[in-house]
Amino acid sequence: MLHTLAIPDFITQYLGRILFVLVVVAGLIFGASDLARFRWRRVWAISQVVWIEAWRRKIWLVTPLAFLGVVIISQLQKPYDEQDAIRQTIKFCIFATGLVVAMTTIILACTNLPREIENRVIYTIATKPTTRLEIVLGKVVGFAKVSLTILFIMGTLAWAYLALREANMRRFIAERLNTEGAVAPASVATLKYYQEAGLLYAKRQEEPDAMQILARPPEESGMLRYFYGNGEGSFLMPFDINPSAITPPGASQPAPQGLVVVAHVGYLKKGAATQPSTTQPAAPAPATTQVAATGPAIVPYYGPFIIPPEQRQAMMTGSTSISATEPTISIDVLDANHESLGAAKPFPPLKILELTNRNGLSQVSAYFPPEVTALLKGRVYIRVFGQSPDTEYFVDMQQTPDPVRLLYEDAPQHYIPLAPAPSPVNPKLPAAPIFQTRSGTFGQQLRGGPERTPVAIYRFRAAEVRPTDGKAPFEFRAGIERSGADAPDAPGFAGPTEVLVRVRNRATSVVAETIVRPESNRTLFFTVPADAVQGGEFDVHLKNLTLGDYVGLGPRSVVLITETQSFAWNLTKSMLILWLMSILITTIAIFTSTFLSWPIAVVLTMVILLGHWGVQQLGESIQPGIGATVVTDFQLKDPAKARAVQETVEKLSSFLNFISTILPDISKYAAVEDIERGVSIPWLKLRDALAVTLGFGLPLVLLSYIFLKNKEVAP
């Protein structure tokens, strides 16, 4: 079996492009004589025969039967509201269309050539001036026309059905709005928007560049960033870990003595002054200064320092905990999926991380033990939690743009800082910390109440702004947990959940405010004056005003609507993506049918189509190290058997990762997600779909031609 560890990374990375060039060059050289005799009219004539044959086999009957199933399923659905009903119907229509086109194309294209060879129909064509290249291209064009016909029928039926359903729903919405008491107050604004803008549309939208949840808006206190304690608030610092870079010579694992973590955090107790003192901490110690009893001293950013042997030994041991007299924090590390890998331990004799400086930033030191550092690779996040109640923690972005530092031991008693991940805005600077709060069912929980509650900040930069009638429309979608509307007798009940929305223009300082009443998992629309978003540099602040309620927010809970387009045009783009997918399926099916019988060709076509997607779904389970995991799970005690199983699994996982690099990525044919959400499908997705179709389709057409030319199909 091929062992990909022996293949250079460069070849593995560009293997698809290398094979593309080799196949195209080989096809041009091998088929130079046939290219000289190539005539497009013969290709078109063959394609017409393919299309007429498919029509005579009554393939078109599949479309009304499939659409009948869509109508039945859409009538049985139980949507949240009218917009959700339309979205689900769109999903059913596109899914059914893609399924019909894919299955029809696979069956027709895989059976066409073997059947013609078996029935000797191809003898008549092959003995004519027609070249084998023209035969292959004629088949591809013919089945592309068949799939285009199916898509046209299904698309027309879908558009007509959706338009009819939308008209009925808008009429029903108008009746509800005109009936007193028929609509909850929180739903009036959304239903009015549906009535005016319609339910079928394709909007262009600007998504926020970043989302943060802080205890206070940042502009109120300059470069200070606040977050709440009691385990509610935290911030993350990203690092890109290369295991080989933190593995000393001769070591068996990365950072065998652990990693030191240093955080700079301040605090304010409840009722304290609103502006803390941010006096500069003590001057950095020289590169070779001894370390204090509570951990390493502040060091120059890229300067090493020496840690005493007793501290180094303490990193490998534990101790009993003691009571905290000052606010405390905790530090852990997350992987790229924000799953915790382990917690940092304080240096003995402490077992808690206290903030001892009451007038500014405290320097807190801890370490990650070897069993945690062995798991670190790629993008990881160091998370700092505020633990104490009635406390606001803060970091000073002016004094410490990187409030968390990691250090590793590259030689005995010699530690060097690891650089944080670069900022996506300016790679010369470290990435800014990411402030967040607790996670719930619907995302990060924005706690409600009249005072001392967090604020969510959505940052928009260089946004494309196209206000309508002097107003800028926004879309807001969130989840509500512990809603007061479910318990009107509960203490602090204030009716439906209310969220204060504040839009601040960073260039002009214009501020616009409005109060919205979101419903759980339902889209809400609101508008602000255009001056608040003019120039595209603005922030949107959200504050939950309802005591006892939690608003669940995600990175795209707030988006700016910049333009609306015709739904019919958006549906057409979706059909074009499916058509490009059908052309890829045709080329694969014809390629496999040139050297296999049609049943095996059908199976192989499915494997080629789904291979890359399947490897993606396996994800981390086939990464290096899976062999040892399998041996552990099966509890193999015999060393010989354990080694054989481990090596076999490792080679198999390597082979799967290798082979997936030359298989088509069908995720590029995503035709449902955007149109279902009412978002205009960007031309970038059409370009990506076209690139996959040409990148895999052209070499397969040439390979099909080469195989067919060397196959005896005529006397």
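## Ile86 and its neighbours

Contact here means heavy atoms within 4.5 Å. With that in hand, and bearing in mind that this is a predicted model, take Ile86, which sits in helix 6. Leaving out residues up to four places away in sequence, Ile86 touches Leu162, Arg165, Glu166, Met169, Leu199 and Leu200. Its relative accessible area is 0%, so Ile86 is buried.

One of those partners is a long way off along the chain: Ile86 and Arg165 are 79 residues apart, yet their C-alpha atoms are separated by 7.9 Å.

## The whole protein

Zooming out, the protein has 17 helices and 25 strands. It runs to 715 residues, and 49% of them count as buried.

What share of the contacts with a separation of 6 or more comes from residues 24 or more positions apart? The figure is 81%.

## Helix 6

Helix 6 covers residues 82–118. With its 37 residues, helix 6 reaches 54 Å from first C-alpha to last, close to the expected 54 Å at 1.5 Å a residue. There is a bend in helix 6 all the same, of about 30° at Asn112, and Pro114 follows within four residues. Just after helix 6 comes Arg120, with a positive phi near 65°.

Is helix 6 mostly covered or mostly open? Mostly covered: 28 of its 37 residues are buried.

## Cysteines

Two cysteines are worth a look. Cys93 has 2% relative accessibility, so it counts as buried. Cys110 is buried too, because its relative accessible area is 0%. As for disulfides, which would need a pair of cysteine sulfur atoms within 2.5 Å, the count comes to 0.

## Helix 5

Helix 5 takes in residues 62–76, which makes 15 residues. From its first C-alpha to its last, helix 5 reaches 22 Å, close to the 21 Å expected at 1.5 Å a residue. Its buried residues are Thr63, Ala66, Phe67, Val70 and Ser74. Looking down the axis of helix 5, you find these buried residues within an arc of 95°, so they line one face of the helix. The general reason such a face can form is that an α-helix has 3.6 residues a turn, so residues three or four places apart point the same way.

What do the buried residues of helix 5 pack against? Their partners are helix 6 and helix 8, the latter being residues 132–178. On the other side of helix 5, Leu65 and Leu76 are exposed.

## Helix 13

Further along the chain is helix 13, residues 598–618. Its 21 residues should span 30 Å at 1.5 Å a residue, and the end C-alpha atoms are 29 Å apart, which agrees. Helix 13 also bends, by about 45° at Leu610.

The buried set in helix 13 is Ala601, Val602, Thr605, Ile608, Leu609, Gly611, His612 and Val615. Where do these residues pack? The buried residues of helix 13 go against helix 6, helix 12 (567–593) and helix 15 (639–660). Helix 6 therefore turns up as a packing partner for the buried residues of helix 13 and for those of helix 5.

## Arg216

Arg216 lies in the loop between strand 2 (210–214) and strand 3 (224–228). Is Arg216 buried or exposed? Arg216 counts as buried, because its relative accessibility is 17% and the cut-off for buried is under 20%.

The side chain of Arg216 makes a polar contact of 2.9 Å with the side chain of Glu392. Arg216 and Tyr228 are 12 residues apart along the chain, with 9.4 Å between their C-alpha atoms.

## Ser340 and Asp674

Ser340 is found in strand 7, residues 340–343. Its relative accessible area is 47%, so Ser340 is partly exposed. Setting aside neighbours within four places in sequence, Ser340 is in contact with Asp332, Val333, Leu334 and Arg383. Ser340 and Val380 are 40 residues apart in sequence, and 9.7 Å apart in space from C-alpha to C-alpha.

Asp674 belongs to helix 16, residues 673–676. With a relative accessible area of 9%, Asp674 is buried. Its contacts, again leaving aside neighbours within four places in sequence, are Val679, Ile681, Pro682 and Lys685.

How values were computed
Residues are numbered from 1 along each chain as its sequence is written. This is a predicted model: local features need pLDDT of at least 70, side-chain atom pairs count only at pLDDT 80 or more; totals for chains, interfaces and linings use all residues. Side-chain values use heavy atoms; hydrogens and water are left out. Helices (H or I, at least four residues) and strands (E, at least two) are DSSP runs, numbered from the N terminus. The expected span of a helix is 1.5 Å times one less than its number of residues. The bend at a residue is the angle between axes fitted to the seven residues ending there and the seven starting there. Buried means under 20% relative accessible area, exposed over 50%, partly exposed in between (1.4 Å probe, protein chains only). A polar contact is a pair of N or O atoms within 3.5 Å; within protein, one must be able to donate a hydrogen and the other to accept it, and residues adjacent in sequence count only if both atoms are side-chain atoms. The arc is that of the directions from the helix axis to the C-beta atoms.
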